[in-house]
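Work through these exercises with the model open beside you. Try each task before you read its solution.

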Amino acid sequence: MATKEKTVFFCKSCGNESPKWFGKCPACGEWNTCVEEKVVENGKRKTENGKLLTGNSQQPTFIKEITNAEEQRIILPYEELNRVLGGGLVLGSLVLVGGEPGIGKSTLLLQTALRLNGKKVLYISGEESQTQIKMRADRVGIQNENCLILTETDTKEILKHFKDVQPDLVIIDSIQTLSSPYVDATAGTISQIRETAAEMNKIAKTYQVPVFLIGHITKDGSIAGPKILEHIVDTVLQFEGDRHYGFRILRTTKNRFGSASELGIFEMNANGLREVTNPSEFLLSQRDEEVSGIAIAATMEGQRPMLIETQALVSTAAYGTPQRSSTGFDTRRMNMLLAVLEKRAGFRLNMKDVFLNIAGGIRSDDPALDLSVVAAVLSSNADIPIDNRTAFAAEVGLSGEIRAVTRIDARIAEADKLGFERIFISKYNAKGLDIKRFHIQVVPVATVYDLATELFG
Ligand code: TYD
Ligand code: MG
């Protein structure tokens, strides 16, 4: 069989392939992303891949003749995982689970495999030995007779075992350890990642079996390997969290079968991950005495309302230039809100240090957080606590106006359910809202100035 060896240059960022070295990627415009790889392609590849698909070649079909349009899903044992997948795992889908080393990706998927009753799962690991995996299974304390462990990295072998075992679900830990015999490059290189992911996709689609791929994340937070990996897969889930906090957030960043803004919460403890189904209660810090600088925001993460705590500390700058920093909230957005308070409501904050934090290591970009950030800053500045049964949900505009946000009724209902007594919203959201439905007092406000007066007189 004829073998061709060639040297190609890849862009680390977008996966663009070029026969020549480049300083700036001609496709995505990034600088210094060029890597050189040797690729040996042998003619065998096309025929074997072809064989995989024989009997399944598609014919053009009139759309009205296509039946079975509803995708079939496997309901996984974790509600939080089903949610981020858009309501269960679609048959034949390829799902990438990305995250930093040690965050709990292997634990999450092993637990899922072990708790999935009545389905045969093939867990393929190129990272750990069978004994290590067994030890982890013992640690999380779940027994399952239908879970098979395979330590293998060669995709051709994997396909062979896959055909023998005929599993209902495949888990690959991790995509960076796989290597295809049809590409002569080390595992983890761009050409290998691209090839092996495409092969796994073919298996998933041909046999209508869902495949989970675990993927590592580079220091700058992107999934190691080219963007092309994200294009190949159907769904991308990011597993993240602060290692100092016990809990982990699983976030959808791409989903062909559902919303891409969902979020699932887990807690890591001594015997594995536990799902957190009532995040609001979990995220609000338990405190009896009231302190200044704290305000609760009624946010939406995907389709789910969630109450989270914003904390601000405003103090006179000790040195010339005031410091501004924020964790969990966009710093530029915080600076904008501070400028609005300064200019539109006359608060002198320009010589103050301002620190902002979203409690629990959560990060959110819901615009409805604005009002609670403003309230927390004002409370810390005045050193007057806000009653801890008060919530906030509105966006703040550049002229200091309080703007409406989406799904206001879901936000109010959640705060109501958790026993909050008062919620501040935009007066534009109040129109047409049936507030009699709720016990909670709904306070519409029009400007940041109004808010300050309502809160602190
Ligand atoms: P792991 O799933 O190996 O992470 P990843 O696959 O993303 O690299 O998780 C490893 C971390 O989780 C490790 O620091 C130990 C911790 N852990 C627990 O705290 N409790 C447990 O029951 C397990 C299995 C792991
Ligand atoms: Mg792992």
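## Exercise 1: Around the ligand

Of the 15 residues around ligand 1, those that come nearest are Gly102, Ser106, Thr107, Asn269 and Gly272. The model is a predicted one.

Task: Find which atoms of Gly102, Arg136 and Arg139 lie 2.7 Å, 3.0 Å and 3.2 Å from ligand 1.

Solution.
- Step 1. Start at Gly102. A backbone N or O atom of this residue is 2.7 Å from an oxygen atom of ligand 1.
- Step 2. Go to Arg136. A side-chain N or O atom here lies 3.0 Å from an oxygen atom of the ligand.
- Step 3. End at Arg139. Its side chain places an N or O atom 3.2 Å from a nitrogen atom of ligand 1.
- Step 4. Now take the cover. On its own, ligand 1 has 550 Å² of accessible area, and the protein covers 76% of that.

Task: State which elements supply at least two residues of the shell around ligand 1, and describe the shell by class.

Solution.
- Step 1. Three elements qualify: α3 (105–115), α4 (130–140) and β13 (263–269).
- Step 2. The largest share, three residues, comes from α3.
- Step 3. Sort the shell by class. Seven residues are polar, four are nonpolar and four are charged.

## Exercise 2: The nonpolar core

Task: Work out where the largest nonpolar core lies with respect to domain 2 and domain 3.

Solution.
- Step 1. This core has 43 residues, and Val377 and Phe392 touch the most other members.
- Step 2. Helix α10 (residues 370–382) gives the most to the core: seven residues.
- Step 3. Both domain 2 (74–277) and domain 3 (282–456) contribute residues, so the core lies between them.
- Step 4. Add the general background. Nonpolar side chains tend to be buried together in soluble globular proteins.

## Exercise 3: Buried or exposed?

Task: Decide whether Thr310, Ala197 and Lys202 are buried, partly exposed or exposed.

Solution.
- Step 1. Recall the cut-offs. Buried means under 20% relative accessible area, and exposed means over 50%.
- Step 2. Thr310 sits in strand β16 (residues 304–316). Its relative accessible area is 1%, so Thr310 is buried. Its side chain makes a polar contact of 2.7 Å with the side chain of Ser372.
- Step 3. Ala197 belongs to helix α6 (residues 190–207). At 0%, Ala197 is buried.
- Step 4. Lys202 is also in helix α6. Its value is 26%, so Lys202 counts as partly exposed. Lys202 and Gly92 are 110 residues apart in sequence, yet their C-alpha atoms are 9.1 Å apart.
- Step 5. Turn to the whole chain. Of its 457 residues, 50% count as buried.

## Exercise 4: Backbone geometry

Task: Say what the backbone angles are at Asp173–Ser174, Asp383 and Arg407.

Solution.
- Step 1. Begin with the general rule. Most residues other than glycine have a negative phi, and most peptide bonds are trans.
- Step 2. The bond that joins Asp173 and Ser174 is cis, with omega about 0°. Ser174 lies in the loop between β9 (169–173) and α6.
- Step 3. Asp383 is not a glycine, but its phi is positive, about 55°. This residue is in the loop between α10 and β19 (390–393). Its 57% relative accessibility makes Asp383 exposed.
- Step 4. Arg407 has a positive phi near 50°. Its loop runs between β21 (402–403) and α11 (408–417). Arg407 is partly exposed, at 38%.

Technical notes:
Residues are numbered from 1 along each chain as its sequence is written. Chains are lettered from A and ligands numbered from 1 in the order in which they are written. This is a predicted model: local features need pLDDT of at least 70, side-chain atom pairs count only at pLDDT 80 or more; totals for chains, interfaces and linings use all residues. Side-chain values use heavy atoms; hydrogens and water are left out. A residue is near a molecule or strand if one of its heavy atoms lies within 4 Å of it. A polar contact is a pair of N or O atoms within 3.5 Å; within protein, one must be able to donate a hydrogen and the other to accept it, and residues adjacent in sequence count only if both atoms are side-chain atoms. Accessible areas come from the Shrake-Rupley method with a 1.4 Å probe; for residues, only the protein chains shown count as cover. Helices (H or I, at least four residues) and strands (E, at least two) are DSSP runs, numbered from the N terminus. Ala, Val, Leu, Ile, Met, Phe, Trp, Tyr, Cys and Pro count as nonpolar, Asp, Glu, Lys and Arg as charged, and the others, Gly among them, as polar. A nonpolar core is a set of buried Ala, Val, Leu, Ile, Met, Phe, Trp, Tyr and Cys residues joined through side-chain atoms within 4.5 Å. Buried means under 20% relative accessible area, exposed over 50%, partly exposed in between (1.4 Å probe, protein chains only). Domain bounds come from an automatic or database domain assignment.
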